[in-house]
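Let's work through two short exercises together. Have the sequence and the 3D view ready.

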Amino acid sequence: MTVKQLSATELKNKIQQEEKLLLLDVREPHEFEYAHIANSVLIPLNQIPKRLGELDPQQEIVLICHHGMRSQQAANYLVQSGYKNIANLTGGIDVWSCACDSSVRRY
């Protein structure tokens, strides 16, 4: 199973339509504190394996990082761990800030 790539615009549409999804940010706490998407949950990449129990395998999970590489790693791990409804935010929070929400600070 491959990881779905989700554009910032597609994610914005899902949020506006109030789809039930988990926005999972895998950056480090200082990055999350500086800038994050509203209602996202922080679990840094290196903590994902030991915190799998906090995630619902049936829920749609959209992974987020700065530019989309760490979140892709996390997405691949979740798929390998049996999660089925996984997407990666293409371009990460940086593209989100440029395309969808300029109030999210860039770094």
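Below are the ground rules, then the exercises with their solutions.

This is a predicted model, in which local features need pLDDT of at least 70, side-chain atom pairs count only at pLDDT 80 or more, and totals for chains, interfaces and linings use all residues. Residues are numbered from 1 along each chain as its sequence is written, and side-chain values use heavy atoms, leaving out hydrogens and water.

**Exercise 1.** Describe the surroundings of strand 4 (residues 60-64).

*Solution.*
1. Start with the term: strands (E, at least two residues) and helices (H or I, at least four) are DSSP runs, numbered from the N terminus.
2. Check burial, meaning under 20% relative accessible area with a 1.4 Å probe, protein chains only (exposed is over 50%, partly exposed in between). Five of the five residues in strand 4 are buried.
3. Look at the side chains: Glu60, Val62 and Ile64 point one way, Ile61 and Leu63 the other.
4. Find the neighbours; strands pair if DSSP finds at least two bridges between them. Strand 2 (residues 21-25) runs parallel to strand 4 over five bridges, with Leu21 partnering Glu60.
5. Strand 5 (residues 86-89) is also parallel to strand 4, with three bridges; here Leu63 partners Asn88.
6. Follow the chain from strand 4 through helix 3 (residues 69-80) to strand 5: this β-α-β crossover is right-handed, that is, clockwise from the first strand over the helix to the second, with the strands pointing away from the viewer.

**Exercise 2.** Explain why Cys100 has no bond to Cys98.

*Solution.*
1. Apply the cut-off: a disulfide is a pair of cysteine sulfur atoms within 2.5 Å.
2. The sulfur of Cys98 is the closest to that of Cys100, yet 9.8 Å away, so it is too far for a bond.
3. Check the total: the structure holds zero disulfides. For Cys65, the nearest cysteine sulfur, that of Cys98, is 14 Å away.
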